[in-house]
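This report describes a single protein chain, moving from its overall make-up to individual residues. The sequence and the structure are displayed below for reference while reading.

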Amino acid sequence: MYAVFHTGGKQYKVKKGDTLQVELLPLEMGSKTDFKEILLVGTGATVKIGQPFVSSATVSAEVVAIEKGPKVIVYHKKRRKQSDKKTGHRQPYTRLLITSIDNGAGETDTLSDSERTQVLANTGFAKKDAWALVEESATEEKTEKKVAKKKVAPVKKAAPAKKKAPAKRAAAKKPAAKKVSKKS
């Protein structure tokens, strides 16, 4: 069974066991939520299309992680005005695990506990705290970069001593012209 639901101004097509990244929702890690704005529900050849929503159909999901997206650099410059501004932004997202889909006619497709643990292990969210995962991966990347820099850094040879140019003599000053005073 699959469904198309609406959240955060976007539409998502999902089936049970899918993990997807949606706009930040005001939910805690591990909390569960139901989406009621279901646009379409289908099982094989039978499809229910809502006008605008399918009545009594729901998609249940569990919050697996709260993440940040990639860094976006915003740069503003006004030419010939010596004005420029550079800022960065990382959009927050909520990672959801789809646990069940109810088509509103009594049919429900639910994720079992064993399937849930397998899906979380495959997607890398076996740990509960997603921020810890992000911090661990960031520190691992930094240490890998440091090690790579140390290995790749070429050995610099001593540069030959430079010869100094002879000092230039200051030009001799000419004596100032004497002023002639007019006496009457």
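## A charge over a ring

A charge sits over a ring if NZ of Lys or CZ of Arg is within 6 Å of the ring centre and within 35 degrees of the ring normal. In this predicted model, Lys 13 lies over the face of Tyr 2, at 4.9 Å from the ring centre.

## Overall make-up of the chain

The chain contains two helices and nine strands. Read from the N terminus, its elements follow the order β-β-β-β-β-β-β-β-β-α-α.

Of the 184 residues in the chain, 26% are buried. The accessible surface comes to about 14700 Å², and carbon and sulfur atoms account for 55% of this surface. When contacts between residues at least 6 apart in sequence are considered, 62% of them join residues at least 24 apart.

## An open sheet of four strands

Strands of a sheet pair through backbone hydrogen bonds, either parallel or antiparallel. In this chain, four strands form an open sheet in the order β2-β1-β5-β6, and their pairing is antiparallel. The edges are occupied by β2 (10–15) and β6 (46–49); each has a single partner strand, so one side of each is left without a neighbour in the sheet. On average, neighbouring strands of this sheet are turned by 15° against each other, direction ignored.

Within the sheet, strand β1 (residues 2–7) and strand β5 (residues 38–43) run antiparallel and are joined by four bridges. Phe 5 has Ile 38 in β5 as its bridge partner.

## Aromatic residues

A pair of aromatic rings is described by the distance of the centres and the angle of the planes. The structure holds two aromatic pairs. One of them is formed by Phe 5 and Tyr 12, with 5.9 Å centre to centre and 40° between the planes, and this pair is tilted.

Are Phe 5 and Tyr 12 buried or exposed? Both Phe 5 and Tyr 12 are buried. Together with Phe 35, these two residues form one aromatic cluster.

## Strand β4 and its partner

In a regular strand the side chains alternate between the two faces of the sheet. Strand β4 has a covered face, made up of Thr 33 and Phe 35, and an uncovered face, made up of Lys 32 and Asp 34. Phe 35 thus appears both on the covered face of β4 and in the aromatic cluster with Phe 5 and Tyr 12.

Strand β4 is joined by four bridges to strand β7 (residues 58–78), and the two run antiparallel. Across this pairing, Asp 34 stands opposite Ser 60 in β7.

## Two residues in detail

Why does Thr 33 count as buried? Its relative accessibility is 17%, and buried means under 20%. Thr 33 is found in strand β4. Residues up to four places away in sequence set aside, Thr 33 touches Leu 27, Val 59, Ser 60 and Ala 61.

Ser 31 is located in the loop between β3 (19–23) and β4 (32–35). Neighbours within four places in sequence left aside, Ser 31 is in contact with Ala 61, Glu 62 and Val 63. Ser 31 and Val 64 are 33 residues apart in sequence, and their C-alpha atoms are 8.4 Å apart in space. Ala 61 is therefore listed among the contacts of Thr 33 and among those of Ser 31.

Conventions: Residues are numbered from 1 along each chain as its sequence is written. This is a predicted model: local features need pLDDT of at least 70, side-chain atom pairs count only at pLDDT 80 or more; totals for chains, interfaces and linings use all residues. Side-chain values use heavy atoms; hydrogens and water are left out. Rings of Phe, Tyr and Trp (its six-membered ring) pair if their centres lie within 6.5 Å; planes under 30 degrees apart count as stacked, over 60 as edge-to-face and the rest as tilted. Buried means under 20% relative accessible area, exposed over 50%, partly exposed in between (1.4 Å probe, protein chains only). Contact means heavy atoms within 4.5 Å. Accessible areas come from the Shrake-Rupley method with a 1.4 Å probe; for residues, only the protein chains shown count as cover. Two strands pair if DSSP finds at least two bridges between them. Axes are lines fitted to C-alpha atoms, for helices over the stretch in contact, and angles run from 0 to 180 degrees between N-to-C directions.
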